[in-house]
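Me: I would like to go through this structure with you. Could you start with the overall surface and then move to individual residues?

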Amino acid sequence: MRTSISNSTSPNILSGRLAQGIAGCRENMEKEEAETFLKSLLNKNLRIETTDGRLFIGTFKCTDTHSNIVLSLTYEYRQPSQQKLAEAAAAAASSGSAKVTADMTSRYLGLVVIPGEHIVKMEVEEFSSQVKSRSIFERKDLYGGR
C-alpha cells in the first residue's frame, strides 16, 4: 500500500511530526523503564543523604512526581556537634592518637517523607548475597530476559 503526501504538507512539517513521534516513543520507553526500576526498589533498604547532612536509612515504600520519598522503619543519623568533635579531638590528642573518631547520633523515626528537593544522594543497601546481577538489564525478572 502506498501513502501519498499532499502538496499542502511541507517536508519540514512532516519531519517535525516524525521527530515529535520519535521523541514521544522515547519518552514513553524512558517512563516505562523508570517505572520498572522504581518498582524493583520497592521494599528495599535505602540510604538517603540530605542537604543538611542527615542520613536516613529505611525501607522504600513509594515516591511521587515531585521526587519525594516515603521510607518506613526509618532511622535518622546526624553528624556530631562541633562540641563533641572538639571533645573527641582533645581525647585523641591526649592519648597520642592521630585518628579522631566521633559517633553519629541516631534515632528511630518510623514512617517518614523526605522532600525530593533536599535529597543529595540515594543508595540501595544490599549485601552481596542479595545481588542477583550488577547489570539491571540482565535481570530476567524485570525485563523479560533481554
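Reply: Certainly. The accessible surface of the protein comes to about 11,100 Å², and carbon and sulfur atoms account for 53% of that. Please note that this is a predicted model.

Me: What share of the residues is buried?

Reply: Of the 146 residues in the protein, 18% are buried.

Me: And which secondary structure elements are there, and in what order do they run?

Reply: The protein has three helices and five strands. From the N terminus, the order is α-β-β-β-α-β-β-α.

Me: How many of the contacts join residues at least 24 apart?

Reply: Counting contacts between residues at least 6 apart in sequence, 54% join residues at least 24 apart.

Me: On to strand β2. Is Thr 59 buried or exposed?

Reply: Thr 59, which is found in strand β2 (residues 55–63), has a relative accessible area of 12%. Residues under 20% count as buried, so Thr 59 is buried.

Me: Which residues is Thr 59 in contact with, leaving aside its neighbours within four places in sequence?

Reply: With those neighbours set aside, Thr 59 is in contact with Asn 43, Lys 44, Asn 45, Val 70, Leu 71, Ser 72 and Leu 73.

Me: What about Cys 62?

Reply: Cys 62 also has its place in strand β2, but is partly exposed, at 36% relative accessible area. Beyond neighbours within four places in sequence, Cys 62 is in contact with Asn 68, Ile 69 and Val 70.

Me: How far apart are Cys 62 and Leu 38?

Reply: The C-alpha atoms of Cys 62 and Leu 38 are 8.6 Å apart in space, while the two residues are 24 apart in sequence.

Me: Changing topic to the backbone: which residue in the loop between β2 and β3 should I look at?

Reply: Ser 67 lies in that loop. Its phi is near 65 degrees, a positive value in a residue other than glycine. Ser 67 is partly exposed, with 43% relative accessibility.

Me: Why remark on the sign?

Reply: Because most residues other than glycine have a negative phi. Leu 73 is another non-glycine residue with a positive phi, about 50 degrees.

Me: Where is Leu 73, and is the residue buried or exposed?

Reply: Leu 73 is found in strand β3 and counts as exposed at 56% relative accessibility.

Me: Which nonpolar patch does Leu 73 form part of?

Reply: Leu 73, Tyr 75 and Tyr 108 form a nonpolar surface patch, together offering about 340 Å² of accessible area. Tyr 75 lies in strand β3 (residues 69–78) and is partly exposed, at 39% relative accessibility.

Technical notes: Residues numbered from 1 in each chain as written. Predicted model: local features only at pLDDT ≥ 70, side-chain atom pairs only at ≥ 80, totals over all residues. Heavy atoms only, no water. Patch = residues over 30% accessible without salt bridge, like charges linked within 9 Å, V, L, I, M, F, W, Y side chains within 5 Å. Areas by Shrake-Rupley, 256 points an atom, 1.4 Å probe, with all protein chains shown as cover. Salt bridge = Lys/Arg side-chain N within 4 Å of Asp/Glu carboxyl O. Helix = DSSP H or I, 4+ residues; strand = E, 2+ residues; numbered from the N terminus. Buried < 20%, exposed > 50% of the residue type's maximum accessible area, 1.4 Å probe, protein only. Contact = heavy atoms within 4.5 Å.
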